[in-house]
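The exercises below are meant to be worked through with the sequence and the coordinates side by side. Each task is followed by a solution that proceeds in steps.

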Amino acid sequence: MAGSSRVFRDATAGTGAPQDIKVPGFSPVKVVIRNRNGTRWEWTDSMPAGSAYKSVAAGDTTYVATNGITPLGQGFTIGSDGNATVNAASTILDYEAWET
């Protein structure tokens with residue numbers, strides 16, 4: 001990657017419903033969300049909005065076509081995750097968003 005890159009890291013509570021995460025100053029090109037139960041989502045700008053790759057603690061990875069991660073002008077939306085393994089209510093989600 002040429003030039004400088006910013007990474008924004010934070011955490012939020014899972015809700016089981018879509019939630020917008022504000023990232024100061026940029027729309028991310030990559031987002032990784034880790035649920036502290038071991039489930040992980042990853043999205044890059046080469047993927048459609050609303051999609052993600054989901055990995056579970058056992059190591060299985062699946063492609064999520066809807067209710068995944070959607071980029072916003074300054075941040076992203078965490079989808080509802082139909083089976084609520086990533087964005088489950090009352091869980092903690094650690095996330096990272098990359099600018100370039």
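A nonpolar core is here a set of buried Ala, Val, Leu, Ile, Met, Phe, Trp, Tyr and Cys residues joined through side-chain atoms within 4.5 Å, where buried means under 20% relative accessible area. The model is a predicted one.

**Exercise 1. The core**

Task: Find which residues have the most contacts inside the largest nonpolar core, and which elements give two or more residues to this core.

Solution: Begin with the core itself, which has 17 residues, those with the most contacts inside it being V31, I33, W41, I69, F76, I78 and A97. Next, assign the core to the elements of the chain: strand 3, strand 4, strand 6 (61-72), strand 7 (75-78) and strand 8 each give two or more residues. Of the contributing elements, strand 8 gives the most, with three residues. Finally, take I69 as an example and leave aside residues up to four places away in sequence: the residues that I69 touches include V31, I33, W41 and F76, and also E42, W43, A49, G50, S51, A52 and T77.

**Exercise 2. The sheet**

Task: Determine in what order the strands of the sheet are arranged, and which strands stand at the edges.

Solution: First list the elements, for the protein chain has zero helices and eight strands, and its pattern along the sequence is accordingly written β-β-β-β-β-β-β-β. The eight strands of the open sheet are arranged in the order 1-8-3-4-5-6-7-2, and their pairing is antiparallel. Strand 1 (7-13) and strand 2 (19-22) are the edge strands, and because each has a single partner strand, one side of each is left without a neighbour in the sheet. From one strand to the next, the twist averages 25 degrees. For the pairing at one edge, note that strand 1 and strand 8 (residues 92-98) run antiparallel and are joined by seven bridges, and that A13 is found opposite I92 of strand 8.

**Exercise 3. Salt bridges**

Task: Identify which residues are joined into one network by salt bridges that share partners, and state how many salt bridges a search of the whole structure finds.

Solution: The search of the whole structure finds six salt bridges. One of these pairs E96 with R9, with the closest N and O atoms 3.0 Å apart; because E96 lies in strand 8 and R9 in strand 1, the pair ties together parts that are 87 residues apart in sequence. The two partners can then be assessed for exposure: E96 has 16% relative accessibility and therefore counts as buried, whereas R9, at 54%, counts as exposed. E96 also forms a salt bridge with R34, where the closest N and O atoms are 3.7 Å apart. This second pair links R34 in strand 3 with E96 in strand 8, 62 residues apart, and R34 is partly exposed, with a relative accessible area of 33%. The network asked for thus consists of R9, R34 and E96, joined by salt bridges that share partners.

A further pair is formed by the side chains of K30 and E42, whose salt bridge spans 3.7 Å from N to O. K30 is in strand 3 (residues 30-35) and E42 in strand 4 (residues 40-44), twelve residues apart. Both residues are partly exposed, K30 with a relative accessible area of 28% and E42 with one of 22%.

**Exercise 4. Positive phi values**

Task: Locate N67 and S90 in the chain, and state what is notable about phi in each.

Solution: The background for this step is that most residues other than glycine have a negative phi. N67, which is not a glycine, has a positive phi near 60 degrees; N67 belongs to strand 6 and is partly exposed, with a relative accessible area of 38%. S90 is likewise not a glycine and has a positive phi of about 65 degrees, but S90 is in the loop between strand 7 and strand 8 and is exposed, with a relative accessible area of 74%.

**Exercise 5. The chain as a whole**

Task: Compare the radius of gyration of the protein chain with the value for a compact globule of 100 residues.

Solution: A compact globule with 100 residues would have a radius of gyration near 13 Å, and the 13 Å of the protein chain agrees with this. The box filled by the C-alpha atoms, taken along the principal axes, is roughly 35 × 25 × 20 Å. Of the 100 residues, 38% are buried. As a last step, consider the contacts between residues at least 6 apart in sequence, of which 59% join residues at least 24 apart.

Terms used:
Residues are numbered from 1 along each chain as its sequence is written. This is a predicted model: local features need pLDDT of at least 70, side-chain atom pairs count only at pLDDT 80 or more; totals for chains, interfaces and linings use all residues. Side-chain values use heavy atoms; hydrogens and water are left out. Two strands pair if DSSP finds at least two bridges between them. Helices (H or I, at least four residues) and strands (E, at least two) are DSSP runs, numbered from the N terminus. Axes are lines fitted to C-alpha atoms, for helices over the stretch in contact, and angles run from 0 to 180 degrees between N-to-C directions. A salt bridge is a side-chain nitrogen of Lys or Arg within 4 Å of a carboxyl oxygen of Asp or Glu. Buried means under 20% relative accessible area, exposed over 50%, partly exposed in between (1.4 Å probe, protein chains only). Contact means heavy atoms within 4.5 Å. The radius of gyration is taken over C-alpha atoms; the globule rule is 2.2 Å times the number of residues to the power 0.38.
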